[in-house]
Amino acid sequence: MADVFDLTVIGTGPGGYVCAVRAAQLGMKVAVVEKWPTFGGTCLNIGCIPSKALLHASELFAEARDHFDTLGIDIDGPRLNLEQMLAHKDDVVKSNVTGIEYLFKKNKITSFAGMGSIAGPGRVVVTPDKGEPAHIETKNIVIATGSVSTPLPGVETDEDLIVTSTGALALDKVPAKLLVIGAGVIGLELGSVWARLGAEVIVVEFLDRILPGMDGEVARQFQRLLTKQGFTFHLSTKVTGIDRTETGLKARIEPAKGGDASEIDCDVALVAIGRRPYTEGLGLEVAGIETDERGRVRTDAHYKTNVDGIYAIGDVIAGPMLAHKAEDEGVALAEILAGEAGHVNYGIIPGVVYTSPEIASVGRTEEELKQAGVKYKVGKFPFTANGRAKAMLKTDGFVKILADAETDRVLGGHIVGHGAGEMIHEIAVLMEFSGAAEDLARTCHAHPTLSEAVREAALACGLGAIHI
Ligand code: FAD
Ligand code: NAD
């Protein structure tokens, strides 16, 4: 008789693989199903990891080109070896995805290669590229099938000239002119990679601001910094079509609200207007699983769908499409299934944009606090007044802490600056413990560190920062 699994996870991205590992650690007999040749999902194969490999390499390239002389390092100028930079990215991906293979083996998780579909509660059919389908019997099923790029109506991507993030991570030459459609996280991160390597980057954004959802002051400052780096922004503008010409591409743009059209010539266009849940071929209808108006699998607070024994986590359900959100849901669900009290604190999920400078945010923005009618105070500190930042030539940006006007409890933290993505976590931990700005301000911080700017922003919520 075939094995009966306690849990079968469809999809091995950060949601799926983390859920599988945690469930195995909690004593469950676990299977995973993956349709791609490697584990790790979008994040490890075509998302977080390869983009950060290119962001790191391109940042060092730009640093050597633009700042080494000021630091007293005279070089003849760095020469780009794009083939090697892409090979470095591929190596990093390989090492990460094989790491997941190791974790599955270590935790005695059985993997099935192929497209998983739900034949009903307790039944998953896996159809491989070649060969016969496998039939899995399982007590519980987790849908962790993630998301794919949202297409732009009228614009067909070919991953060569008109690309999604996947093509933008593998361009074999630096485009002279890169058109980025969408000033969100992907557009600004991958736009930064190619700008640093020499591309002219033009961003077309439908809304009147970049990075919707981030604190407005942060977004405005960041737009100024990117403009200084050579980005051009067309806000409140939409792309209505792109034609292939003999020399490249011609994009038609017009004001978002309608009006006179104009054209932009470019070599490559990146469509980065968001991502949508991926549930194709999963058999949601057969199993009677409900989705919401945006195609996301509907779940309750414990990740259960409307069908008993079937759960969903990660990008395929509501909430921010972030790897760490998916991972935390994976852990919480495994614990819930094991009878424990798994939980995700959605109010304290950090968001980081890995550009230079980095942008990092946790908790509420000023706009959200105003809208909610919460009385708050603002403590701000610029990196221009931080000794370490000066030594590193990294003085762009600031730290902003938002605290409750009466109780001093920290409600949000927002950082534009070098290393922001690391520094944000001390604010996140403070918020997990319901800490006050004064708690942070009274915590001794090593000198000279960039993190002292976080403490100074906390001090600015009280009597005032010391160094400004
Ligand atoms: P995914 O990672 O999308 O994994 C889903 C998996 O399910 C895939 O492997 C897919 O092949 C498999 N699958 C789907 N359907 C089936 C099926 N029927 N049968 C079998 N297998 C199936 N987030 C961050 O937090 N930080 C970042 O720096 C970051 N950078 C990003 C950069 C880019 C370019 C992109 C595109 C995304 C980035 N993200 C980042 C977002 C992050 O990748 C996602 O939030 C995360 O991967 C979601 O995890 P998931 O497990 O829900 O799904
Ligand atoms: P996004 O939602 O971050 O940004 C999309 C942008 O496109 C928005 O500013 C939106 O207003 C704009 N837009 C939408 N339709 C448009 C149109 N027709 N014309 C012009 N602009 C339009 O989406 P993304 O950048 O594609 O990223 C997708 C997801 O991947 C995000 O949810 C993000 O969380 C995740 N991601 C995260 C990271 C990170 O954490 N560092 C990095 C990359 C991706």
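How many bridges pair strand 9 with strand 10, and in which sense, parallel or antiparallel? Strand 9 (residues 177–181) and strand 10 (residues 200–204) pair in the parallel sense, over five bridges. The views below show a predicted model.

**View 1. An open sheet of five strands pairs in parallel.** The strand order is 8-15-9-10-11. Strand 8 (162–163) and strand 11 (232–234) form the edges, each pairing on one side only. Strands 9 and 10 are joined by five bridges. Valine 180 stands opposite valine 203 of strand 10. Strands of a sheet pair through backbone hydrogen bonds, in either the parallel or the antiparallel sense.

**View 2. Strands 4 and 5 form an antiparallel hairpin.** Five bridges link strand 4 to strand 5 (residues 123–127). Two residues lie between the strands of this hairpin. Glycine 122 takes a positive phi here, near 80°. Two facing pairs can be picked out. Isoleucine 118 stands opposite valine 124 of strand 5. Glycine 116 has valine 126 in strand 5 as its bridge partner. Glycine 116 returns in View 4, where a backbone N or O atom of this residue lies 2.8 Å from a nitrogen atom of ligand 1.

**View 3. Strand 5 also pairs with strand 6.** Strand 6 covers residues 134–143 and runs antiparallel to strand 5. Four bridges join the two. Valine 125 has histidine 135 in strand 6 as its bridge partner. This hairpin has six residues between its strands. Among the residues of the hairpin, glycine 131 takes a positive phi near 95°.

**View 4. Ligand 1 is surrounded by 39 residues.** The closest are Glu34, Thr42, Lys52, Gly116 and Ala323. Three polar contacts can be traced in this view. The side chain of threonine 42 places an N or O atom 2.6 Å from a ligand 1 oxygen. Cysteine 43 brings a backbone N or O atom to 3.3 Å from an oxygen atom of ligand 1. Glycine 116 uses a backbone N or O atom, 2.8 Å from a nitrogen atom of ligand 1. How much of ligand 1 does the protein bury? Taken alone, ligand 1 exposes 1,000 Å², and the protein buries 95% of that. Elements giving two or more residues to the shell are helix 1 (14–25), strand 2 (30–34), helix 2 (41–46), helix 3, strand 4 (115–120) and helix 9 (323–337). Helix 2 gives the largest share, four residues. By class, the shell around ligand 1 holds 17 nonpolar, 17 polar and five charged residues.

**View 5. Ligand 2 is surrounded by 22 residues.** Ile186, Glu189, Glu205, Gly274 and Val352 come nearest. Valine 185 has a backbone N or O atom 3.2 Å from an oxygen atom of ligand 2. For isoleucine 186, a backbone N or O atom lies 2.9 Å from an oxygen atom of ligand 2. Glutamate 189 contributes a polar side-chain atom, 2.8 Å from a nitrogen atom of ligand 2. Ligand 2 exposes 840 Å² when taken alone, of which the protein buries 78%. Helix 6 supplies the largest share of the shell, three residues. The shell around ligand 2 divides into 15 nonpolar, three polar and four charged residues.

**View 6. The whole structure holds one cavity of 30 Å³ or more.** Rolling a probe the size of a water molecule over the atoms shows where empty space is left. The space in this cavity is about 40 Å³. Which residues line the largest cavity? They are Ser149, Thr150, Thr164, Ser165, Ile186, Val271, Ala272, Ile273, Gly274 and Arg275. Ile186 and Gly274 are also among the residues nearest ligand 2. The cavity lining comprises four nonpolar, five polar and one charged residue.

**View 7. The second largest pocket encloses about 510 Å³ of space.** Its lining has 20 residues, of which His67, Gln229, Ser356, Lys394 and Asp396 are closest to the centre. Helix 3 (48–66), helix 6 (185–196) and helix 7 (216–228) are the elements that give two or more residues to the lining. Helix 3 makes the largest contribution, five residues. Helix 3 also gives two or more residues to the shell around ligand 1. The pocket lining counts six nonpolar, six polar and eight charged residues.

Note on methods
Residues are numbered from 1 along each chain as its sequence is written. Chains are lettered from A and ligands numbered from 1 in the order in which they are written. This is a predicted model: local features need pLDDT of at least 70, side-chain atom pairs count only at pLDDT 80 or more; totals for chains, interfaces and linings use all residues. Side-chain values use heavy atoms; hydrogens and water are left out. On a 1 Å grid over the protein atoms alone, a cavity is a set of points where a 1.4 Å probe fits but cannot get out, and a pocket is an open set with protein on both sides within 12 Å along at least five of seven lines; lining residues have an atom within 4 Å of a point. Grid points are joined across faces, edges and corners, and a volume is the space filled by probe spheres set on the points. Ala, Val, Leu, Ile, Met, Phe, Trp, Tyr, Cys and Pro count as nonpolar, Asp, Glu, Lys and Arg as charged, and the others, Gly among them, as polar. A residue is near a molecule or strand if one of its heavy atoms lies within 4 Å of it. A polar contact is a pair of N or O atoms within 3.5 Å; within protein, one must be able to donate a hydrogen and the other to accept it, and residues adjacent in sequence count only if both atoms are side-chain atoms. Accessible areas come from the Shrake-Rupley method with a 1.4 Å probe; for residues, only the protein chains shown count as cover. Two strands pair if DSSP finds at least two bridges between them.
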